[in-house]
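Here is a short briefing to read alongside the model on your screen. We start with the overall fold and then visit one residue in its surroundings.

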Amino acid sequence: MSTQTLPSSDVKSRANPAIIANWLYSVAFLVFIMVIVGGITRLTESGLSITEWKPVTGALPPLNEAQWLSEFEKYKQIPEYLEINGPAGMTMAEFKFIYFWEWVHRLLGRVIGLAFAVPFAVFWIRRRIPTGYHARLFALLALGGLQGAIGWWMVSSGLSERTDVSHYRLAVHLLTALFIMGGLIWTALDLRQLARSSAARPARLTGFSSAVIVILFLQLLFGAWVAGLNAGYVSNSWPLMNDRFYPDGIDWSRGAWFALTHDPFLTHFIHRWWAWVTVAALVLLARRAKKAGARPASIAIHAAFGTQILLGIATVMTNMNIVMAVLHQAVGALVVASTIWGIHLLGRSADRA
């Protein structure tokens, strides 16, 4: 019985960009859920409840009372318990609540890793991945693995000398998650185009799109810092901050850069008003997308940032109500997704020009 090597044209025909695109959309949706759970974890002050990083064995929660007592004893050694929750009289039931959210957050990270790695290996072996996409998909896989390490790097910052995590590291963790989600969506959109036409080329970033990304990045960065510094609590009024446009209380004693990156009043103020610069950029993006013949993308961009503005105001005026704050983070991810859709459309139009 003889074996035959498939001709290169037959091998190429086995690639299925539509299936790969659907898979990437599914993983992007899981990352979106991860962002929401991450917001809940942060807002319930649950992130430091698991004091060890066990990528494999940590998938199982404590299964008996002895294991729960062991986990609680470990938590009792860190500053958050010693300085805040211990004096407040934290019970085992309260510890189990915060442990649950951190465990779910980490478990979802493992699920996302498997949801990407296993199909990726299968698609590669079966030669379903179109030519030119292997390296990009492998990079997304590697970035997902790095994100797990970044998560632990963030948590570790709050286990010895602080009662919370570093807002710098929190920002890196959140922005990396959004970058991964954006990369998944962008790649899926490229593959959708390839499924429609074998001659389609990957979209490229235009100068205008790059400017929009920088503006949105700064807004997301300051949003992460506001979260990490608990700066949302410094004012529960809008549009004024405690009856003033420019807030009292900014500490300039350690210099302008320290105030810009550490002061809760200043970071809140910048996040609040840079939002309108972001809105202007997204309106222009939506108009260009509509002009390019993509009205649904234009509607999605307007709907996302419009809802986000209302949720931001509601979050402030309800003094960081957890439901409003979680929705604010969730819709922030949708703003990123709709922006990716819009700039991808412009990148395709530029290639046709």
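A residue counts as buried when its relative accessible area is under 20%, and as exposed when that area is over 50%. Please keep in mind that this is a predicted model. The protein chain has 12 helices and 0 strands, and 47% of its 353 residues count as buried.

**Overall shape**
- Along its principal axes, the C-alpha trace of the protein chain spans about 75 × 55 × 35 Å.
- The radius of gyration of the protein chain is 23 Å, which agrees with the value near 20 Å for a compact globule of 353 residues.
- Of the contacts in the protein chain between residues at least 6 apart in sequence, 76% join residues at least 24 apart.

**Surface and charge**
- About 17,800 Å² of the protein chain is exposed, and carbon and sulfur atoms supply 66% of that area.
- The protein chain carries 29 positive and 18 negative charges, and the mean positions of these two groups are 20 Å apart.

**A look at Leu191**
- You will find Leu191 in helix α7, which covers residues 167-196.
- Leu191 has a relative accessible area of 0%, so it is buried.
- Leaving aside neighbours within four places in sequence, Leu191 is in contact with Pro17, Ile20, Ala21, Leu24, Pro130 and Tyr133.
- Leu137 lies 54 residues from Leu191 in sequence, and their C-alpha atoms are 12 Å apart in space.

Terms used. Residues numbered from 1 in each chain as written. Predicted model: local features only at pLDDT ≥ 70, side-chain atom pairs only at ≥ 80, totals over all residues. Heavy atoms only, no water. Helix = DSSP H or I, 4+ residues; strand = E, 2+ residues; numbered from the N terminus. Rg over C-alpha atoms; globule rule 2.2 N^0.38 Å. Buried < 20%, exposed > 50% of the residue type's maximum accessible area, 1.4 Å probe, protein only. Contact = heavy atoms within 4.5 Å. Areas by Shrake-Rupley, 256 points an atom, 1.4 Å probe, with all protein chains shown as cover. Lys, Arg positive; Asp, Glu negative; His and termini not counted. Charge placed at Lys NZ, Arg CZ, Asp CG, Glu CD.
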